[in-house]
Amino acid sequence: MLFLAADIALKLTPGPDMALTLTRGMTQGFRIAWLSVLGTFAAGFVQVPLIVLGLAAIFKESPTLFLAVKLMGAMYLIYLGVRAIRRSRNPRALAEVAARGQGWDVFVQGFMTNLLNPKVFIFLIAFLPQFTDPARGPVWMQLLFLACFSKVFGLFSGATYAYGAARIRNWLTRNRWFLRAQEGALGVTMIAVAGYLIFSQDGPAAK
């Protein structure tokens with residue numbers, strides 16, 4: 001119960017994944033935001049094995065590697081943000097975006113945003129061991145269970161954010177200018193998240 005309470009509190013803390021989910025929901029609706037959430041969830045299939053096997057500890061011990069991965073993630077978000085802003089200035093590109101829904105692209109963006117955020121690894125390494133007890137069995141099995149639980153719970157909380165944001169969209173989409181504004185807002189958000197990843201000082205290098 002303590003783990004559940006702590007995980008709920010952490011899921012309510014704003015971060016890159018939440019920002020992208022809310023923006024997708026408000027600008028493109030629930031289906032697109034849900035695909036972003038699924039992408040974030042899918043990153044767990046890479047993260048959880050690394051954490052359980054102990055390989056993610058490298059991020060704690062190497063400030064240089066932490067910075068490199070953080071910059072990779074930030075550069076990827078900036079690239080996506082610039083593309084979105086360019087689309088907002090091109091009516092033809094906007095029409096194509098609306099037609100195809102950006103399904104696969106959105107999934108990949110959610111996946112990469114979460115996977116390339118080293119803070120996810122750092123947090124899980126610091127958080128999960130606090131709720132393990134060697135007297136209850138193999139620690140690796142406990143870590144595996146807790147990590148999977150956290151990821152599945154994140155899937156449901158992400159769906160909730162996506163749905164709530166999409167409900168706001170239903171009112172906003174009555175405005176004709178919204179199709180252009182949605183891509184511009186998405187681009188600015190991605191670049192802002194990139195800035196957050198670059199300039200935040202709570203990683204290993206700052207300790």
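A: Let's fix one word before we look: contact means heavy atoms within 4.5 Å. What you have above is a predicted model, where local features need pLDDT of at least 70, side-chain atom pairs count only at pLDDT 80 or more, and totals for chains, interfaces and linings use all residues. Residues are numbered from 1 along each chain as its sequence is written, and side-chain values use heavy atoms, with hydrogens and water left out.

Q: Fine, let's try that word out. Which residues is proline 134 in contact with, leaving aside its neighbours within four places in sequence?
A: Val139 and Gln142 are the partners of proline 134 once those neighbours are set aside.

Q: Where does proline 134 lie?
A: Helices are DSSP runs of H or I, at least four residues long, and strands are E runs of at least two, numbered from the N terminus. Proline 134 sits in the loop between helix H9 (118-127) and helix H10 (139-172).

Q: Does proline 134 count as buried or exposed?
A: Buried means under 20% relative accessible area, exposed means over 50%, and partly exposed is in between (1.4 Å probe, protein chains only). Proline 134 counts as exposed because its relative accessibility is 62%.

Q: And how many residues of H9 are buried?
A: Eight of the 10 residues in H9 are buried, so this helix is mostly covered. Those buried residues include Pro118, Phe121, Ile125 and Phe127. Lys119 in H9 is buried too.

Q: Let me step back. How many helices and strands does the chain have?
A: The chain comes to 11 helices and zero strands. Of its 207 residues, 46% count as buried. The chain exposes about 11200 Å² (Shrake-Rupley method, 1.4 Å probe), with carbon and sulfur atoms supplying 70% of that area.

Q: What share of contacts between residues at least 6 apart in sequence joins residues at least 24 apart?
A: For this chain, the share is 85%. A single pair shows what sequence distance can hide: leucine 67 and proline 118 are 51 residues apart along the chain, but their C-alpha atoms are separated by 8.6 Å. Leucine 67 lies in helix H6 (residues 63-88), and it counts as partly exposed because its relative accessible area is 42%.

Q: How should I read a buried polar side chain? Which residues is asparagine 114 in contact with, leaving aside its neighbours within four places in sequence?
A: Begin with the place, then the cover, then the partners. Asparagine 114 is found in helix H8 and counts as buried because its relative accessibility is 3%. Its partners beyond those neighbours are Asp17, Thr40, Ala43, Gln47, Val120 and Lys151. The C-alpha atoms of asparagine 114 and phenylalanine 41 are 8.4 Å apart, with their positions 73 residues apart along the chain.

Q: Now the partner Thr40. Where does threonine 40 lie?
A: Threonine 40 is part of helix H3 (residues 30-42), and it counts as buried because its relative accessibility is 16%. With neighbours within four places left out, threonine 40 is in contact with Asp17, Gly110, Phe111, Asn114 and Lys151.

Q: Lys151 keeps turning up. Which residues does valine 48 touch, not counting residues up to four places away in sequence?
A: Valine 48 touches Leu144, Ala147, Cys148 and Lys151. This valine belongs to helix H4 (residues 44-53) and is buried, because its relative accessibility is 7%. Valine 48 and leucine 143 have C-alpha atoms separated by 8.8 Å, although they are 95 residues apart along the chain.

Q: What about holes inside? How many cavities of 30 Å³ or more does the search find?
A: Rolling a probe the size of a water molecule over the atoms shows where empty space is left. A cavity is a set of points on a 1 Å grid over the protein atoms alone where a 1.4 Å probe fits but cannot get out, and lining residues have an atom within 4 Å of a point. Points join across faces, edges and corners, and volume is the space filled by probe spheres set on them. Here the search of the whole structure finds two cavities of 30 Å³ or more. The second largest has a volume of about 30 Å³.

Q: Which residues line the second largest cavity?
A: The lining is made of Leu20, Arg24, Ser36, Val106, Gln109, Gly110 and Met190. Helix H2 (16-28) and helix H8 (103-115) each give two or more residues to it, and H8 supplies the largest share, three residues.

Conventions. On a 1 Å grid over the protein atoms alone, a cavity is a set of points where a 1.4 Å probe fits but cannot get out, and a pocket is an open set with protein on both sides within 12 Å along at least five of seven lines; lining residues have an atom within 4 Å of a point.
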